[in-house]
Amino acid sequence: MVKLNVTIPAVDVMVNGQAYRKVDRKAQAGDIVKALYAREDITEGAFYAVYADGDGDPAFRDDDGDERCVFLEYRDRYETFAPVTPAAPSDSITFGGDTYRKVDRSAREGDVVVFPEAPYSYITSGKAYLVHDVDSHGDAQVSDDDGDSYDTAGDPFDVYEKVTEESAPAPTLPAVEYREVKRWAEKGERIRIVNRDRHEHSYEQGAEFIVNDTDGDGDVRVTLGGRSRKLVSLSEYAVLEPITASEYVEVKRKADVGERIKIIAAGYAGMPPRYQNGDEIVVIHSDGHSVRGEGIGIYIRHDEYVVLEPVTPTADTYVHNGITYRKESRVANVGELVLVVANTMSGNSHGYSIGEVTEIIEEWPRGSHGPQRKGSGKSAPYMATADYLVLVPISSAETAPTPLKYAAGDYVKVTGNSVHHNYDVGSVVRLVDVENRDSSEGQRFHAEKADGSRGNWLVTNDVEPADEGAFEAQKKPKRLTVGDYAKVVGDDSGHNYVLGTVVKIVTDDNSSAPYRAEKEDGETGNWLGKHDVEPATEAEFLAAKRLKVGDFAKVIDASGSVRAKLGDIVKVSGYANWDEKLLRAETLDGREYAMFTYRFTQATPEEVAAAQRKIAVGPFTDGGFAQIVNATEETASPTPRRTPNAFVRVETTTESRLRALKVTYPDGDFGFCNADALRQITEAEYNAAVAPKTPEPAFSVGDTVKLTVADGKSPHYGWGEVKNGDVGEVIDVLSDKVRVKFPKQNRWNGKPGELTKLTQQEDPRDAFVKDDKVRLISGAGKSGLHGFKDGEIYTVDNPKTTSWDSKKIKIKDAGLSGYALPEQLVKLSAEDIAASAKEAQETAKWAAIGRKVGAFKRGDVVKGTGMHSLKPEMGTVQDVGTGIIGVSVFPSGYSAMNNAEVTLIVPVEQRFDTEQAAA
């Protein structure tokens, strides 16, 4: 047994001559705790000595000597008693120029703590340390002598709070007492903490505050630690209402909605209990079995309470818009104003706010609740007589105060709805324009709401003056809901998300833990509390989201492939290796390549749409001219599909249209399509195509002609061995056809309209000049080209030679010369030449060791990027697979590498340290 033998005098607990006094704070080493109820090896009412365990947390030994922790959330199981020390000369200290007084409670942010005995060398005994945070276990965090953050868990210390107007005891007027009432608090009212949340460490049970603001759901904001927006939940507080000895009398009867009751015989009230004997509660629902009160959330039987009836009648006057009214409890007539005081319509809430003033515009004499009335601005249902008081003007209209004169920019509070406006009664708005009516009607105005929207007409009788502060206070941050992105910043609900990650909300049930969200891996987690998250962006979510087959991605590092371009939008088509580090992708324009996943990020829908539109627009960003060549259901609207080969003008459409381009025909008709349905042409080609048709050209024997059949069509007599663009010589002209000698077909027959006569200036050899680099594409080994090879690169020696054939070009190579037609040659650009030289150089290097490019062997020394380490590594080839090799990396280890990203350093045949090299 390790429980303590104690004596309990009038005030303190005595243990071995040491006095201990009950304190409302977390237990710490040197304290004793009292068990409030029995558990295994713990005796109810027994006292146990507290010490710091190996982690610095407070603990004690139970009746069997086993260690038990005393966490902050266990305060409903134990009471804490601290040693009573002789009174110090002064319980106040000065720190940072401010005065702090000693208090017997847990440390809070902004307090100062003093350690009587330093627990470590970097803490000084008797020195004051400012508490900069309190962690989730209720332990104060301070900065030690080395400037590092120090957790005070389990350490004994004294707490001092700053002496300010806020920390001074709440003033109490000598002649006023307060009662605790469970209801929604209003701004400016005093509240007391009666059911502190077990996760809340910044204030204690019994703390009192003045309400700075309300959240519209019963929760309130108060000033604490220098901050005026500290949230206190509805379930935690009771409102303190001033009372006098003769204000109420207790009556044993059934309570009605709106009445106040007092608990005298509490039954089951939930766990933990939501009310107890002595609590006073405002009734919001009453039926034949029970009532329900504000802020309670549980039903109370009629035998558990008494009704508190006012001894003196409620004041019988009410001021509205500067006019004094007498309140009468009776059935209202159409046209009278009423004050809404209750909502007794069971099953159908009447929709009016308590305290709202409205004009009766319709009556229903025989409702289920007796005579019922409907006010302005509501469609249904009606109010019962018990829900309102009739307002009767005391003074006549002639003596009523003159309506206030308002100006644009003034702030007003909406107090009624006599003209069916669309503002919320009780809201504060800013007037944006004011219109003066005649003296009997006053003014009317349009106003700006807190959300920035503009409402319809308001009139003088429906408003009262307000200020800018009240208007700004209504501007609340947008509440997160389904489709929003959020960052996980807390864990008040025991969720399974990783702190700091960004998620997408997929469920919102408006509870205290309302959200379920999609994680970066696509899985849906469990429930998140509303205080566990803060707003985030779609870009943050997509940056961490794992790419799946079918997802769209954006290239953020194009160094992994010669085909990739920075900013490419691609569609994930698969993975190239087992651990999904190498991703296969296809661009929207049909390019394919594979790169490591870290070179991609998730593309946003806007980025995908922009890329798709760019392809759909193609080369027609600034409009242009085209011929319709591939109009299908996927690429074009019906009109272009009906007019293949037509020539059109092109312009871009708005982004909202299905097709990106509008095409207009010469006759003014139009249609829509994408760029892949068109062949771009020049304006000259367009003008020529749509110009009036001229007679078929006349040819003579010996004319030089070029075959120019329209795209998409075939020659009348067939292609034979020729192709579009071939140049030949007319050898015969017949009545319905022309016979031409082409390089590949001596007697080709065609229609005159399929041929174009070439003038001297249109000689195809004009495209070539001396020393041009060209690739031979046909004719190698034949007359004039013996010793040449198709596909090889040669140099133009004379573009218009006369020594062999007046229609050929003389080409040469080292020790070799020959003659080729223009159509047998392709002129190379500087880039083509450089690429070919580089390719030849690489091929030569590999050929020198008897291999083809990329043919790695076991024992080769190589350098590349590891598919798992994702960093450059060097080593020896151990395994050779299809597209992937296994490398024993230096100094040790094994790494898989993609062939395309590996460089050969030393081939195995040239290594001096291998038998193969020695051979």
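Here is a quick tour of a sheet, two nonpolar cores and some cavities in a predicted model.

## A five-stranded sheet

Let's start with an open sheet, where five antiparallel strands line up in the order β9-β10-β16-β11-β12. The edges belong to β9 (92-95) and β12 (128-130); each has a single partner strand, so one side of each is left without a neighbour in the sheet. On average, neighbouring strands here are turned by 35° against each other, direction ignored.

Now zoom in on one pair. Strand β10, covering residues 98-103, runs antiparallel to β16, residues 158-162, and four bridges link the two. If you want to find a specific spot, look at Lys 102: its bridge partner in β16 is Tyr 160.

## Two nonpolar cores

Further along the chain, the largest nonpolar core holds 17 residues, and those touching the most other members are Phe 620, Val 648, Val 650, Leu 661 and Leu 678. At least two core residues come from each of α3 (605-617), β50 (624-628), β51 (647-652) and β52 (661-664).

What does Phe 620 contact, leaving aside its neighbours within four places in sequence? Its contacts are Phe 625, Ala 626, Val 650, Thr 652, Leu 661, Ala 675, Leu 678 and Gln 680. There is also a second, separate core of 14 residues, with Ala 185, Ile 193, Val 232 and Val 239 among them.

## Empty spaces inside

The model has three cavities of 30 Å³ or more. The largest cavity comes in at about 140 Å³. Its lining is made up of 17 residues, and the closest to the cavity's centre are Lys 26, Gln 28, Gly 138, Asp 139 and Phe 157.

Terms used
Residues are numbered from 1 along each chain as its sequence is written. This is a predicted model: local features need pLDDT of at least 70, side-chain atom pairs count only at pLDDT 80 or more; totals for chains, interfaces and linings use all residues. Side-chain values use heavy atoms; hydrogens and water are left out. Two strands pair if DSSP finds at least two bridges between them. Axes are lines fitted to C-alpha atoms, for helices over the stretch in contact, and angles run from 0 to 180 degrees between N-to-C directions. A nonpolar core is a set of buried Ala, Val, Leu, Ile, Met, Phe, Trp, Tyr and Cys residues joined through side-chain atoms within 4.5 Å. Buried means under 20% relative accessible area, exposed over 50%, partly exposed in between (1.4 Å probe, protein chains only). Contact means heavy atoms within 4.5 Å. On a 1 Å grid over the protein atoms alone, a cavity is a set of points where a 1.4 Å probe fits but cannot get out, and a pocket is an open set with protein on both sides within 12 Å along at least five of seven lines; lining residues have an atom within 4 Å of a point. Grid points are joined across faces, edges and corners, and a volume is the space filled by probe spheres set on the points.
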